[in-house]
Amino acid sequence: MKSHKRSDPDSAGPLTHVVYHILLALATGNRHGYGIVKHVSERTQGRLTLEAGTLYAAIKRMKDQEWIEEAPREAGADSRRRIYAITGLGRRVLLAESRRLEDLVQLAREASVLPG
Amino acid sequence: MSVLRFLLGWLSRPFRDEHGDAMLTTVEDHWRAAKPQLGAWGRLTFWMRQWTAVIRLIIELEVQALGASEERRALWILGVGADVKHSLRALLNRPGFTAVAVLTLGLGVGATTTMFSAVNAVLLRPLPFAGAESVLVLEQVDTRDGTSSGGLSAANARDIAGSTRSLSHVAIAENHGLRLTQDGRAVSVRTWLVSNGFMEAAGAGLHLGRGFLPDEFTEGRDRVVLLSHESWLTRFGADSAVIGRRLVLDGLEHTVVGVLQPGFAYPSAAGFWGPRPERSWDDERRGSAQLHTVARLAPGVDRSAAQLELNGLARGLAASHPVANANLAVRATPLREHLFGDIRTPLLLLLAAVALVLAVASANVAGLQLARSAGRAHEYALRSALGANTGHVLRLVGVESVLLGLGGAVLGVLLAHFGVGLVRTLDPAHLPNIQGLSLDLTVLCFSVGIAVVSAVAAGLLPAVRAARVGPQTALSQGSSRTSGGLRAGSARDRLVMGEIAVALLLTVAAGLLVRSFDRLMGEDLGFEPEGRLAVQVFSFDADHRPSLDFFPRAVDALRALPGVEAVGLTSALPLADDESILSRAVPTPVATEDPGGTRPTEERLAHLSAIDSGYATAMGIQVLTGRMFDSRERAESRKVAMVNETFARRHLPAADPVGQSVDLAWRDAGALEVVGVLADVRPRGYESDPRPEIFVSLSQFPTNGLTFVLKTRTDPGAMTQAVRESLWEVDARQAVWAARPVAELLGGWVRQRRFNTALLTVFSGLAISLAAIGVYGLMAFSVEQRLREMGIRRALGGGVMDIMAMVMKRASALALIGVGVGLAASLAVAWLLRGLLYGIKPFDWPTFLVVATCMFGVALAAAYLPARRATKVHPMMALRGE
């Protein structure tokens with residue numbers, strides 16, 4: 001496991017869509033577990049609803065890779081709710097993956113699969 | 001939540017410590033937010049998805065933990081692969097064991113799957129209504145005794161709709177027949193006239209076109225209809241150009257504005273839905289609360305709050321209209337409960353019964369596994385000695401059980417395929433949505449799930465036992481021939497006794513139902529349902545005014561039809577179920593007079609119907625005293641009446657009812673002379689009791705909604721078309737509202753009972769066979785294990801009969817205990833069933849006695865074959881085997 005740590009952001013992709021959506025959700029602000037579920041569900045118009053099991057499997061992997069980290073809790077917040085924040089590395093991975101996707105879309109346009 | 005908490009407990013320790021609480025809170029938050037928008041189905045899926053995700057996580061973490069290195073992970077997977085190969089070989093090497101286990105499981109799974117598919121079709125599938133969970137059915141109940149009137153009156157519904165805050169829509173539906181004229185001939189189409197907001201309240205979706213506009217609920221602008229999806233398919237050839245088409249209904253042009261979504265048949269199946277404007281007579285009829293009323297909860301309001309508000313509104317209505325609304329209360333029932341309330345309990349009882357069958361099947365497989373594991377203790381011990389840990393042995397057994405379970409599932413699904421066909425032939429029309437009965441994905445997942453769970457459950461007990469046996473113990477016993485041990489034996493004994501008890505319990509339940517059914521069918525209906533066709537017509541003239549002269553001409557025409565023996569007419573047919581033939585027997589106050597004048601005149605209620613002179617002959621009802629109506633009854637002649645036996649007995653106790661007079665508070669009837677007494681009939685089938693009835697002559701009191709009863713020489717159902725044609729010949733404007741063989745109407749009243757009885761009988765038969773297999777297996781196994789002992793006994797001069805007696809004694813002991821336990825449990829079950837029994841007490845001792853004796857007999861018979869085998873053992877053979 002250790003060997004995967006701090007991998008080069010450019011060679012991290014392609015990401016699974018669950019991981020990508022979580023990174024996107026955290027890129028716009030720190031959130032707790034259900035906060036991520038809700039954000040993803042709203043952004044995808046309900047097409048992707050994350051179950052807790054799927055979410056935390058991804059969170060564990062992303063924490064191990066140091067793409068996200070636990071944010072300090074606000075005073076008085078429910079101690080059982082953990083807040084997650086994206087790290088600098090996480091942002092770079094997200095950016096790299098987004099570029100990769102953009103390149104793919106560009107290819108699709110050039111092939112006239114998508115309207116240019 | 002508790003299942004989830006349980007599953008989270010299986011997560012690996014570090015992960016659980018770090019994320020467990022957070023996961024739980026996430027699911028709690030999610031559930032709280034999602035719950036209000038989800039139906040029963042949605043809620044179930046929510047949890048299924050959460051559970052599966054956690055299970056996947058558990059497996060993922062386990063696989064990771066098994067080896068950080070790729071090789072160890074590969075080894076583990078290879079291990080499972082080897083186990084699968086090994087298990088397959090082991091199963092195929094013992095084809096007898098495998099076949100019996102798979103067959104047993106398959107039978108149990110097949111029966112359970114069949115029943116579950118019915119429950120799934122009826123109770124679990126989402127209703128074809130948008131937001132069905134917010135739909136309520138409102139009905140007026142009498143505060144004195146809680147009896148429901150079946151709905152609300154139009155005026156009360158309107159007033160409630162006007163003042164409620166907790167309900168977003170309240171609307172009524174009125175049963176109506178529209179005569180559709182096509183090609184110059186009229187047919188009757190069942191129609192629901194609904195008030196403004198009905199489609200919104202019920203959540204009806206549209207397949208094509210639009211719903212009703214608010215201004216279409218005004219008199220004169222209401223000539224629009226929505227088609228049911230089915231009538232769009234059958235009557236209009238699924239033509240989408242039907243929207244905007246003009247149809248002549250009741251002699252007036254109506255426009256088709258839309259087609260409803262498939263499956264929407266609410267309040268019941270119909271061809272058309274039309275708008276019902278407020279009527280001028282609504283206020284006068286405030287007391288007549290029979291219109292089906294549907295309401296939708298306003299967003300964010302729950303049912304108890306709505307009921308609370310309705311209680312207040314009902315009190316207000318009772319205060320403002322003290323006569324019409326005396327003792328008024330309004331009850332709100334959730335739609336699902338309204339539709340399925342009556343059938344849920346019997347259906348779940350059947351599911352419970354079939355679950356017991358599955359339990360017996362699992363017990364059998366567990367018994368087989370125990371027997372086998374006794375034989376395999378040596379193998380397990382060897383594996384342990386060579387370094388396999390308990391986990392490995394358990395994994396091997398687990399893999400084998402899963403394989404068995406999958407085999408059982410395949411067979412079970414095959415059997416269920418036939419089972420579903422069988423259920424369909426029982427024609428359970430009392431079950432809504434049953435047309436949708438099929439083996440869909442939900443059902444398949446269910447059956448594979450229960451098959452694997454039962455197989456694993458059956459394999460686990462022996463496996464744990466085998467894994468616990470220390471290698472030394474097992475190995476020192478050497479050959480497995482003498483092992484098996486006392487413990488394994490007694491566990492199997494208990495399993496077999498349990499099987500006998502459960503089979504007995506199911507058989508007692510089935511026996512009680514069969515006896516009830518028998519009693520019921522033996523009851524005299526008072527009329528002959530076989531060979532009779534009932535045909536209802538509401539007759540109107542060209543201006544859509546009730547027309548009376550059609551019927552006498554029609555009777556003559558029908559009498560002339562070949563195959564028709566007799567024709568009669570009635571305004572209220574017994575067995576009318578309102579789904580096809582509408583019954584119009586009116587409870588009417590009658591005053592009777594004691595001829596001696598010694599007692600004061602008293603008013604009583606009797607059911608009134610109008611019949612013609614041919615009715616008694618056509619229905620096969622006996623005239624007990626006096627005479628039937630005949631040609632003497634004319635409009636201008638003296639008005640007369642007939643009564644039934646119950647009426648005569650209760651209300652005309654003098655020696656001869658004929659010649660006495662009854663005073664009818666109905667139309668301008670006044671005092672009528674009784675000319676004859678008809679035999680009692682059971683108005684609602686076998687289970688209903690006769691009620692006081694009074695009959696008037698149709699020649700003196702004509703009406704336009706009548707049912708022809710035709711006594712036919714051949715199959716009455718086959719006459720339907722000829723009857724229609726003949727009626728059209730008399731008058732093409734007249735439409736047949738419904739035509740059904742009377743026996744079929746009767747079938748409707750016994751169908752549910754027949755369905756429950758037939759299924760329970762099949763299940764108990766299955767349970768008995770499985771228990772017999774269990775007894776046989778156990779005795780055969782124990783005989784095989786004791787062959788050596790038997791051989792020695794024989795060698796020492798033991799007689800054949802001694803050995804036979806020894807085996808049979810053990811079997812009898814098992815059977816006796818099983819039967820005893822089963823009888824005790826049956827008493828409780830009989831008490832639960834008491835509501836479904838007819839004509840017998842729950843503790844019907846003949847049933848108990850017969851079933852107990854049979855069960856005991858079956859157990860002994862199953863033990864006989866192995867016992868006989870034991871006597872055939874040659875002393876030398878058994879000893880040499882060592």
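**View 1. Contacts around Phe763(B) in the predicted model.** Here we zoom in on Phe763(B), leaving aside residues up to four places away in sequence. Its contacts include three valine and alanine neighbours from one stretch, Ala353(B), Val354(B) and Val357(B), together with Leu350(B). Ala111(B), Met115(B) and Leu506(B) also touch Phe763(B).

**View 2. The largest nonpolar core and its best-connected members.** Stepping back from Phe763(B), we find that this residue belongs to a core of 90 residues. Phe763(B) is one of the members that touch the most others, alongside Phe198(B), Tyr266(B), Trp273(B) and Leu760(B). Which helix gives the most to this core? That is H19 of chain B, spanning residues 742-785, which supplies 13 residues. In soluble globular proteins, nonpolar side chains tend to be buried together.

**View 3. Another core, apart from the largest one.** This one holds 45 residues, and both chains are represented. Look for Leu15(A), Ala25(A) and Ile36(A) from chain A, and for Leu11(B) from chain B, among its members.

**View 4. Strand E16 of chain B, mostly covered.** E16(B) runs over residues 640-644, and five of its five residues are buried. Val640(B), Met642(B) and Asn644(B) point one way, while Ala641(B) and Val643(B) point the other way.

**View 5. The strand partners of E16(B).** How does E16(B) pair with E18(B), parallel or antiparallel? The two strands pair in the parallel sense over five bridges, with E18(B) covering residues 670-678. Within this pairing, Val643(B) has Val677(B) as its bridge partner. E19(B), residues 693-697, pairs with E16(B) in the antiparallel sense over three bridges. There, Val696(B) stands opposite Ala641(B).

How values were computed. Residues are numbered from 1 along each chain as its sequence is written. Chains are lettered from A and ligands numbered from 1 in the order in which they are written. This is a predicted model: local features need pLDDT of at least 70, side-chain atom pairs count only at pLDDT 80 or more; totals for chains, interfaces and linings use all residues. Side-chain values use heavy atoms; hydrogens and water are left out. A nonpolar core is a set of buried Ala, Val, Leu, Ile, Met, Phe, Trp, Tyr and Cys residues joined through side-chain atoms within 4.5 Å. Buried means under 20% relative accessible area, exposed over 50%, partly exposed in between (1.4 Å probe, protein chains only). Helices (H or I, at least four residues) and strands (E, at least two) are DSSP runs, numbered from the N terminus. Contact means heavy atoms within 4.5 Å. Two strands pair if DSSP finds at least two bridges between them.
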